[in-house]
Amino acid sequence: MIYVGLTGWGDHPAAYSKTTKATDKLYDYSGHFPIVEVDTSFYAIPNEKSIQKWLDDTPTTFRFILKAYQGMTGHLRDNLPYETKGEMFQAFREAAEIFQRAGRLAAVLVQFPPWFDCQFKNVQYIRYVKQQLADFPVAIEFRNRTWYDKPYREGTFQLLKSLQLIHTVCDEPQVGEGSVPLVAQATSNKALVRIHGRNVHGWRNPGNNEQWRKVRFLYHYNEEELQELKTVIETLQKQVQDVYVVFNNNSDYGAFPNAKTLVHMLGLSYDGLAPKQLDLFGGDDT
């Protein structure tokens, strides 16, 4: 099964009816795609009330990829808003368990920062993360090329396989050590593909400029590039049971149309999506 969706549901205008309230955007979104990445959990672990609303707003077949909190991945260095790492992981586990009990958790995405390179202490930390999240399907995303360098690549894949961790396959700009190559290699019975765009000039942060976040994922894939991604996904499909694909190139709303085109290219159709909202002034908004 190939599940195609987007990162987040709050900023994709083409997904909503013209009369949709902000609180109902996820419902409209789930009329288009069968999966979504919860990206807000990177900044704050969601509470039970929010999670339950998300579950209630979507069909029972709809799945969530829950992005790990930034304190768990090293993005905050040691500046954690928790007394201990154990307390932080426990809070995250409690959130993930709500999705899991409902049968709605596709994976937990653990995205490491660009400075998380291939060295012994970081291998040990991956083992620690696996231990802390042992009850969940966990996908690992690297942002440092050393994990894929020739001396380490096979060891990286063997590590993920031995721990039953999902390899996150990324399409992103190739800008040296702070980016990873597109490698269609699965290490579990699931695969995750995250599609970030190919904006080479926008990928790096020049001087911690806040505007950088707006342009980093500014990219629209053309048909030829989507065909390349289709080939990658079909290669992964031969290796696993489920492939999850999420588009993250949304600085200029490119993710929604690119995902729709890819669904068509792959010949996919999804049963059990939410009914489309009827726009009182413009008919069925598709």
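In the predicted model, phenylalanine 112 is buried, with a relative accessible area of 0%. Phenylalanine 142 also counts as buried, at 1% relative accessibility. A stacked aromatic pair is formed by phenylalanine 142 and tryptophan 147, with 4.4 Å from centre to centre and 15° between the planes. Tryptophan 147 has a relative accessible area of 1% and is therefore buried, the limit being under 20%.

The structure as a whole holds 22 aromatic pairs. One of them joins phenylalanine 112 to phenylalanine 142; the rings are stacked, with centres 6.5 Å apart and an angle of 25° between the planes. Phenylalanine 112 is placed in the loop between β4 and α5, and phenylalanine 142 in the loop between β5 (138–141) and α6, so this pair ties together parts that are 30 residues apart in sequence. Ring pairs extend the arrangement into a cluster made up of Phe89, Phe112, Phe116, Tyr125, Tyr128, Phe142, Trp147, Tyr148 and Phe157.

Rings are also found in contact with charge. The face of phenylalanine 42 is covered by lysine 67, at 4.7 Å from the ring centre. In a second case, the charged end of lysine 260 sits over the ring of phenylalanine 33, at 5.5 Å from the centre of that ring.

Helix α5 covers residues 120–132, and its 13 residues, at 1.5 Å a residue, should span 18 Å; the end C-alpha atoms are 19 Å apart, which agrees. Buried positions in α5 are Asn122, Val123, Tyr125, Ile126, Val129, Lys130 and Gln132. These buried residues pack against four elements, namely α3 (70–73), α4 (85–101), β4 (105–111) and α6 (153–162). Glutamine 132, which belongs to α5, has a relative accessibility of 16% and so counts as buried, since the limit is under 20%. Leaving aside residues up to four places away in sequence, glutamine 132 touches Phe89 and Arg93. Glutamine 132 and lysine 85 are separated by 47 residues in sequence, while their C-alpha atoms are 10.0 Å apart in space.

The strands form a barrel. In it, 8 strands close in the order β1-β2-β3-β4-β5-β6-β7-β8, with parallel pairing. From one strand to the next, the twist averages 25°. Helix α10 (residues 255–265) packs on the sheet and touches β1 and β8, and its direction makes about 175° with that of β1.

Strand β1 (residues 2–7) is mostly covered, 6 of its 6 residues being buried. This strand runs parallel to β8 (residues 242–247), to which 5 bridges join it. Strand β1 is also parallel to β2 (residues 35–38), here with 2 bridges. Leucine 6 has a bridge partner in each of these neighbours: phenylalanine 247 in β8 and valine 36 in β2. Elsewhere in the barrel, β6 (residues 166–171) and β7 (residues 190–195) pair in the parallel sense over 4 bridges. Within that pairing, threonine 168 has leucine 192 of β7 as its bridge partner.

A charged residue in helix α9 (residues 223–237) is glutamate 225. With a relative accessible area of 11%, glutamate 225 is buried, because it falls under the 20% limit. Its contacts, not counting residues up to four places away in sequence, are Arg198, Tyr219 and His220.

Two backbone positions remain to be noted. Most residues other than glycine have a negative phi. Glutamine 164 is not a glycine, yet has a positive phi of about 55°. This residue is found in the loop between α6 and β6, and is exposed, with a relative accessible area of 59%. Tyrosine 253, likewise not a glycine, has a positive phi of about 60°. Tyrosine 253 lies in the loop between β8 and α10 and is partly exposed, at a relative accessible area of 40%.

Key:
Residues are numbered from 1 along each chain as its sequence is written. This is a predicted model: local features need pLDDT of at least 70, side-chain atom pairs count only at pLDDT 80 or more; totals for chains, interfaces and linings use all residues. Side-chain values use heavy atoms; hydrogens and water are left out. The expected span of a helix is 1.5 Å times one less than its number of residues. Buried means under 20% relative accessible area, exposed over 50%, partly exposed in between (1.4 Å probe, protein chains only). Contact means heavy atoms within 4.5 Å. Rings of Phe, Tyr and Trp (its six-membered ring) pair if their centres lie within 6.5 Å; planes under 30 degrees apart count as stacked, over 60 as edge-to-face and the rest as tilted. A charge sits over a ring if NZ of Lys or CZ of Arg is within 6 Å of the ring centre and within 35 degrees of the ring normal. Two strands pair if DSSP finds at least two bridges between them. Axes are lines fitted to C-alpha atoms, for helices over the stretch in contact, and angles run from 0 to 180 degrees between N-to-C directions.
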